[in-house]
Amino acid sequence: MSAYEKQRLANIAKNKKLLEELGLNKPFFEPVEKPRKPQATAKKRKIEQIEDKDSPRKKSSRTSDASSDHENSTLRRSTRNRGKAIDYSAEIVSEDYIPDSFKVGIRVTKNTGPLGREDGKRVHNPKKFGAIPGIEVGTWWESRQGCSADSIHAPWVAGISGGPEGAYSVALSGGYDDDVDDGHAFTYTGSGGRDLKGTKTAPKNLRTAPQSSDQSFEHSFNASLKKSAETKKPVRVIRGFKSTSNYAPTEGYRYDGLYTVESAWMQKGLNPKGYLVCKYLFKRVPDQPPIPVRMSGDD
């Protein structure tokens, strides 16, 4: 067994023991994801056009009234709108962001919650604590861009969003192998300790770069989570499909509700030189809808 694997198992055992000591090792009732059956697409109705062959329609002349149209308006008008007063400012802009592939049943998903927006202007400020109005637990998005558009988790890449008063939201994407996720509680690793500038041989390794220094609670992201451990202000949590957790969605990113940060500490990370990482323990706020569990065999 490699040194990495030994350290990983030791860290997992330590994290599980911590959950057990706090009485967070027993999950609540949780439903199992059920795959939806593909819906039959509606057949297009044939539209029959009946024309009177004896009296064919005459094509209206666009040149005959061109001068009068130009005098009345600078906008181009079709023949059906000629002479009508149209209020273009009253046009209704659709806010239906559901992709057509889902609407017509070509594509189905195992996510049971509603599908959120994928773009558009934010309606609410993501830099607030607690739930976002209109976004229910279980809502999911195809990308992190959608999470940001609906103000659930603002950054497109970073896993932590927070400020001086605490963290607003975090994203679970399976970045650290020794983290434990029991759904109603999980351990989370902080940010930093990587050389984001890269090297000559790998100038764009960025967040996948190996850890090259200790993490610190002085880091703004880590400091916000540590503050949350003190204030117990609720933190929004999204889980991503890249996570290997049984509680992660099989597709996209899902909003799993509010959690509180119960504790924060430092421990040796999974790296050859033993650099320290910031660790946090999250506990789910009670009286929320249960989190679905992946079916065995799901990717």
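In which sense do strand β1 (residues 140-141) and β6 pair, and over how many bridges? The two strands pair in the antiparallel sense, over 2 bridges. Keep in mind on this tour that the model is predicted.

**Stop 1: the whole chain**

Colour the chain by secondary structure before selecting anything. The protein chain has 5 helices and 7 strands. Reading from the N terminus, the order of elements is α-α-α-β-α-β-β-β-α-β-β-β. The chain holds 299 residues, and 37% of them count as buried. Among contacts with a separation of 6 or more, 66% are between residues 24 or more positions apart.

**Stop 2: β6 and its partners**

Select residues 253-268, which make up strand β6. Start with the pairing to β1, which is antiparallel. Within this pair, Trp 141 stands opposite Tyr 253 of β6.

Next, add residues 235-240, strand β5. β5 and β6 run antiparallel and are joined by 5 bridges. To find one point of register, pick Arg 236, whose bridge partner in β6 is Leu 258.

Then add residues 276-284, strand β7. β6 and β7 pair in the antiparallel sense, here over 9 bridges. Two residue pairs help to trace the register: Ser 263 has Leu 281 of β7 as its bridge partner, and Met 266 has Cys 278 of β7. If you show side chains along these strands, a general rule is useful: in a regular strand, side chains alternate between the two faces of the sheet.

**Stop 3: β7 and β4**

Keep β7 selected. Is this strand largely enclosed or largely open? Of the 9 residues of β7, 7 are buried, so the strand is largely enclosed by the rest of the structure.

Now add β4, residues 185-189. β4 and β7 run antiparallel, with 5 bridges between them. One of the facing pairs is Ala 185 and Lys 283, the latter in β7.

Centre the view on Ala 185, a residue of β4. Ala 185 has a relative accessible area of 0%, and because buried means under 20%, it counts as buried. Leaving aside neighbours within four places in sequence, the residues in contact with Ala 185 are Leu 19, Leu 24, Val 180, Tyr 259 and Phe 282. For a distance check, select the C-alpha atoms of Ala 185 and Val 285: the two residues are 100 apart in sequence and 9.6 Å apart in space.

**Stop 4: Gln 267**

Return to strand β6 and pick Gln 267. Is Gln 267 buried or exposed? The residue is buried, at a relative accessible area of 4%. Show its side chain together with that of Trp 265: a polar contact of 3.1 Å joins them.

Beyond the neighbours within four places in sequence, Gln 267 is in contact with Asn 11, Lys 14, Asn 15, Asp 178, Tyr 275, Leu 276, Val 277 and Lys 279. Asn 11 in this list is the next selection.

**Stop 5: Asn 11**

Asn 11 is in helix α1. With a relative accessibility of 5%, Asn 11 counts as buried. Apart from neighbours within four places in sequence, its contacts are Asp 178, Gln 267, Lys 268, Gly 269 and Leu 270. Asp 178 is therefore worth displaying with both Asn 11 and Gln 267, because it is in contact with each of these buried residues. A second distance check can be made from Asn 11 to Val 180: the residues are 169 apart in sequence, and their C-alpha atoms are 9.4 Å apart.

**Stop 6: the largest pocket**

Finish with the empty space. Rolling a probe the size of a water molecule over the atoms shows where such space is left. The largest pocket has a volume of about 1,200 Å³. To find it, select Ala 171, Ser 173, Gly 174, Gly 175 and Tyr 176, which lie nearest its centre among the 40 lining residues.

Which elements each supply at least two residues of the lining? Show α1 (3-21), β3 (166-172) and β4 (185-189). The largest share, 4 residues, comes from β4. Colour the lining by class to see 14 nonpolar, 16 polar and 10 charged residues.

Notes
Residues numbered from 1 in each chain as written. Predicted model: local features only at pLDDT ≥ 70, side-chain atom pairs only at ≥ 80, totals over all residues. Heavy atoms only, no water. 1 Å grid on protein atoms, 1.4 Å probe; cavity = no way out; pocket = protein on both sides within 12 Å on 5 of 7 lines; lining within 4 Å. Points joined across faces, edges and corners; volume = space filled by probe spheres on them. Nonpolar A, V, L, I, M, F, W, Y, C, P; charged D, E, K, R; others polar. Buried < 20%, exposed > 50% of the residue type's maximum accessible area, 1.4 Å probe, protein only. Polar contact = N/O pair within 3.5 Å; in protein donor to acceptor, adjacent residues only side chain to side chain. Contact = heavy atoms within 4.5 Å. Pairing = 2+ DSSP bridges.
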